[in-house]
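Here is a friendly note for anyone meeting this structure for the first time. Please keep the view open as you read, and take the points in order.

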Amino acid sequence: MAAGLLIVFDFDETIIDCDSDNHVVDSFGLTEKFDHFLLTQPWNSAIDNMMTEIHKQGISVQQIADALKTAPLDPHVAAAIKSAHSLGCELKIVSDANTFYIKTILEHHGLAKYFSEINTNPSFIDEDEKLRILPFHNFRVSSHGCNLCPPNMCKSVIVKRIKDKAMKENKRIIYLGDGKGDYCPSLQLSKMDYLMPRKNYPLWDLLCNSTPLSVKAEIHDWSSGEDQERLLLQLIHRFLNPIKPTQARYDDGNERNLILNSSIIKETKITIM
C-alpha cells in the first residue's frame, strides 16, 4: 500500500475540466457582468459580488448547485482518485475555488469521501439565502506577502504546512495543477516529490520559462483525464515497486520526464537505457 504517498490536487481544470466560477457565471448568462467586475476587482471579490448579482436575478442557491453538477469531470479523473485512495494514498485539495462549489461537485460524483482535507476559499449561505464567497486569506486586514499569488490565497503557505507534516511522516508528495497559482506551491516541493502540470496551461508555461533549478520536484506533464490517470498510477506503482537505477527502463515518452520533456528544459540531457 502507498501509505507513504500524499497526493495534492488543484480543483479547477485539474479535477474538473473547466473553471468552476466561469462555469456558474456562464450558465446564467452573466459572463459580461463578471468581466466588468474583473476590470476593477480581484477575482475572489468579483465572484462574491457576482453571487449578489445572481441573487438579484432570482436565482437560488439550489440552482447554482444544479449548474455546478453539470461541470465536466472526466471519468478517468474519477477513476484515478478512487484508485489512488484504494492503494493507500492520502488525498488533499488545495484550490482557489470555494467550499460550496467543491463539495457540491465532489458529492455529486461520489468523490468527497476520498479526500482527507480541502483547502479553499470559505463560503456560506447568508440570512437572505444568498451564497457568499470569502477570501482564504483576509487581504483587507493584512497581506500574505507573496507577490506571485492573488491577494486572497497563496497556495504555497498551505502546501508548506502540508509538506512539513509529510516530512515528519516520511511521506512524498505528488502535486497536480494547471494554473499560475500552482507555480508558487511547486517551489515548496523537494527532489523526492513529483509535480504533474497540465500541458499547455499556465503552470506548464511558467515551468517552460523558469530557471531549471527553481522547481526541484520530478515533473511529469499531462494533457487529458486519461493522461492524468495513467501517469498518476504509474508514479504510484513506481513508488510501490522501486527500481534500482541500474535496472531503470522507461516504457513511454512520459516516463522519460525525469525533469520534464525537452520542451521545458531544453539543455537537460537524459540518458534512456
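Is E169 buried, partly exposed or exposed? With a relative accessibility of 37%, E169 counts as partly exposed, because the partly exposed class runs between 20% and 50%. Please bear in mind throughout that this is a predicted model.

1. Let us stay with E169 for a moment. Its partner is K171, and the closest N and O atoms of this salt bridge are 3.6 Å apart. K171 itself counts as buried, at 16% relative accessibility. The pair belongs to a wider set: E90, K92, E117, R161, K165, E169 and K171 are joined into one network by salt bridges that share partners. As background, side chains of opposite charge can pair when their charged atoms come close.

2. Two other links of that network are worth finding. E90 and K92 form a salt bridge through their side chains, with 3.2 Å from N to O, and K92 is buried at 8% relative accessibility. E117 and R161 pair in the same manner, at 2.9 Å from N to O. This second pair connects distant parts of the chain, since E117 belongs to strand 3 (residues 117–121) and R161 to helix 7, 44 residues apart. R161 is partly exposed, with a relative accessibility of 44%. In total, the model has 16 salt bridges.

3. Next, please look at some annotated positions. The UniProt record, an unreviewed entry, lists D10, D12 and D178 under "binding site". These residues span 169 residues in sequence, yet no two of their C-alpha atoms are more than 8.2 Å apart, so they gather at one spot.

4. D10 is a good place to begin at that spot. You will find D10 in the loop between strand 1 (5–9) and helix 1 (20–27). Its relative accessible area is 5%, which means that D10 is buried. Beyond its sequence neighbours up to four places away, D10 touches I15, V94, S95, K155, L176, G177, D178 and D182. With K155 there is also a polar contact between the two side chains, at 2.9 Å.

5. Now turn to D178, in the loop between strand 6 (172–177) and helix 8 (183–186). D178 is buried too, with 7% relative accessibility. Outside the four nearest places in sequence on either side, its contacts include D10, D12, R198 and Y201. The side chain of D178 also makes a polar contact of 3.2 Å with the side chain of T14.

6. The record has another entry to check. Which residues does UniProt place under "binding site" here, apart from those in point 3? They are D21 and D96, again from an unreviewed entry. Although spread over 76 residues of sequence, they cluster in space, with a largest C-alpha distance of 10.0 Å. Both D21 and D96 are included in the lining of the second largest cavity.

7. It helps to view these two residues one by one. D21 lies in helix 1 and is buried, with a relative accessible area of 2%. Setting aside neighbours within four places in sequence, D21 is in contact with W43, I47, N98 and Y101. D96 sits in strand 2 (residues 90–98) and is partly exposed at 28% relative accessibility. Among the residues that D96 touches are T120, N121 and K155. A polar contact of 2.7 Å joins the side chain of D96 to that of N121.

8. Please also look at the interior. In soluble globular proteins, nonpolar side chains tend to be buried together. Here the largest nonpolar core has 55 residues, and those with the most contacts inside it are I7, F9, M51, I64, Y101, I174 and I236. I64, for one, is in contact with residues including V24, F28, M51 and Y101. There is also a second, separate core of 18 residues, with V8, M153, I162 and A166 among them.

9. Last, a small stop at helix 7 (residues 155–168), where S156 is placed. S156 counts as buried, at 7% relative accessibility. Apart from neighbours within four places in sequence, S156 is in contact with C184, P185 and Q188.

Conventions: Residues numbered from 1 in each chain as written. Predicted model: local features only at pLDDT ≥ 70, side-chain atom pairs only at ≥ 80, totals over all residues. Heavy atoms only, no water. Helix = DSSP H or I, 4+ residues; strand = E, 2+ residues; numbered from the N terminus. Buried < 20%, exposed > 50% of the residue type's maximum accessible area, 1.4 Å probe, protein only. Contact = heavy atoms within 4.5 Å. Salt bridge = Lys/Arg side-chain N within 4 Å of Asp/Glu carboxyl O. UniProt positions renumbered as here; feature names shortened; annotations may be inferred. Polar contact = N/O pair within 3.5 Å; in protein donor to acceptor, adjacent residues only side chain to side chain. Core = buried A, V, L, I, M, F, W, Y, C linked by side-chain atoms within 4.5 Å. 1 Å grid on protein atoms, 1.4 Å probe; cavity = no way out; pocket = protein on both sides within 12 Å on 5 of 7 lines; lining within 4 Å.
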